[in-house]
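The exercises below are meant for a reader meeting this structure for the first time. Each task is followed by a solution in steps.

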Amino acid sequence: MSLARRRFFLTSVALCGLAVLWGVMIAFQWAGKLGTITLAPWVALLGFDLGVVGGFVGAGSMVGLWLVTADLQGTALDNVQIAVRVGSMVALGVGAGFAGRLLRESERSQRSVAMLQTALIDSTLDGICLTDEHGEILISNRPLRRLSAELGMPQSGSVPERLLAIADRLAEPERYRSRMQELATTTGEATLDEFELVGSGRVFRGYTTPVRDPNGGLAGRVWTLREVTADRELDRMRDAFVATVSHELRTPLTSISGFLEMMHDEEEGLGESGRRYLDVIRRSTQRLHLLVEDLLLIAQIEAKRVELQLEPLDISELAERSVESIRPTADEKGVAISVVAEHAPAVRADRARISQVLDNLVSNAVKFTDGGGEVRVQIDAEDGELRIVVADTGIGIPEEEQGQVFSRFFRASTATQQAIPGTGLGLAISRALVEQHGGRIAVSSRVGEGTRVTVALPTTP
Amino acid sequence: MPCVLVAEPDADVRQLLELTIRRLGYEVATGESSEVDAVLLEPACAAGQSVVRRFGDNGPPVVCFSIYPREEGLAPPASVAYLLKPSSPVAIAEALRDAFGVQPAI
């Protein structure tokens, strides 16, 4: 019940009480607002025969009283007294009735708001709870209670305590414990990593975000918990499918490329067109081979099975090599290509893997740039990092797609519309390799103007 | 003439391997009676595994030619070379020559 309504209700009750003593109160409802009129015999004390007093109702509460008086002729005092008593009883009854109705309405609306809230937070599959600044639960939903029971969490204590209590039932309990402790002391945004329940293989993902008071202080936290076992299973199936395909393609690829090699000696016997067809088959086989190798490499990188052979490297020399290997293609297309290296510091990196990244970036730049365009590879040092920028004046990547270019199999619409061949694996592999070196890779682009890929690698201290 | 036993499930690939072996001037082992100087096998198939079991640890040198990378741990202990398909016939020939170099023909 709102404060105004409560005040009004109390005023009504008080007026009912007054009515018992002093007169007849008639409660009325007008335009949805409760008011009272009281026949007030005490006005006789003021020299009037009859008075009517009533309340002004504004904004849901009594804001004033009004009084109307009249002189009546020849009314016996006894009759008035009887009328007063009967009227008092009636008024009390009516007042109590209204008061009760008011109370019931208020309870009903309170209940329906609470039901709505509960229905809302119970309707999601995620477990949700709100805690105060000490981590004590203020509100929780049904999925949270179910999930925490399934995880074997204690039913009391603060949320960090409850979470910590299940550490031993999870895969990698130490990592989980240190994460939880980190969470107990931080006030910032934090995602809980996924954690796996030992034995069942069920995987859960937790997320927590602080709730701030108006001054920016920590008022509490919202916690969500979701089971992601099915998502993980789908990921696993997709990876297994990709791996199977990449392995099974190797058998037919072996006979195609093997017999192509065998044909080398017999090529002389073929006509000119026969030799041309054979070249096409060779090129396509080579592309298929590269695709299979890329698929394998990305699977190995994601399974963290690629080991880097770190050695001091001169990146500008590697960049020169990549550029020289692509130069015939660039010349054929009429794309100018150059390397600018200034004070490039030495880095410790894997020669083959960094070369692969450079090859990917440089060949992409040439591939997506039309004749008359330009590709520039720039190497310099900035903020203790080695920076490699591969910039082209090519077709570009739409802004809304730039966030996805490092995802597996993603191809920009500008590339697919022009049927430029590719697998959508080059940048995914490049990012994985750069990150494995402790570096970063970023892309910026404008459609029709060109693309800039920047790689930053930590330099040797 | 050195004799190489081939265990490969795919008929086309097997044909390619046999051709490669003959071009090198080696013989292709046929049946269980042949004297075997080296084995060229796909470890990820039943035939490959049964050859590995048949020779045990003291058999002829093994050259693996597989659809799975070496890290999968399929290579038998007697392997002297591991090639990932689709390695070229040239690479297979080199691996076989090396195999004979590692352990002379019995």
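**Exercise 1. The contact between the chains**

Task: State how many residues each chain gives to the contact, and describe the side of chain B.

Solution. The contact takes 13 residues from chain B and 15 residues from chain A, two residues being in contact if their C-beta atoms, placed from the backbone, lie within 7 Å. Helix H1 (residues 11-23) of chain B supplies four residues, the largest share of the side that touches chain A. By class, that side of chain B has eight nonpolar, one polar and four charged residues. Here Ala, Val, Leu, Ile, Met, Phe, Trp, Tyr, Cys and Pro count as nonpolar, Asp, Glu, Lys and Arg as charged, and the others, Gly among them, as polar.

The model is predicted: local features need pLDDT of at least 70 and side-chain atom pairs pLDDT 80 or more, while totals for chains, interfaces and linings use all residues. Residues are numbered from 1 along each chain as its sequence is written, and chains are lettered from A and ligands numbered from 1 in the order in which they are written.

**Exercise 2. Two helices of chain A**

Task: Determine how H6(A) and H8(A) are oriented to each other.

Solution. Begin with the axes, which are lines fitted to C-alpha atoms over the stretch in contact, with angles from 0 to 180 degrees between N-to-C directions. The axes of H6(A) (residues 229-248) and H8(A) (residues 272-302) come within 9 Å and cross at roughly 140°. The two helices are therefore oblique to each other; angles under 35 degrees count as roughly parallel, over 145 as roughly antiparallel, 65 to 115 as roughly perpendicular and the rest as oblique.

Next, list the residues. H6(A) contributes Asp239(A), Val242(A), Ala243(A) and Ser246(A), and H8(A) contributes Val292(A), Leu295(A), Leu296(A) and Ala299(A). By class, this contact has six nonpolar, one polar and one charged residues.

**Exercise 3. The partners of a strand**

Task: Identify the strands that pair with S5(A), and the sense of each pairing.

Solution. Helices (H or I, at least four residues) and strands (E, at least two) are DSSP runs, numbered from the N terminus, and two strands pair if DSSP finds at least two bridges between them. S5(A) (residues 127-132) pairs with S9(A) (residues 218-227) in the antiparallel sense over six bridges. In this pairing, Gly127(A) stands opposite Leu225(A).

S5(A) is also joined to S6(A) (residues 137-140) by three bridges, and these strands run antiparallel. Leu130(A) has Ile139(A) of S6(A) as its bridge partner. The hairpin of S5(A) and S6(A) has four residues between the strands, and Gly135(A) takes a positive phi near 85° there.
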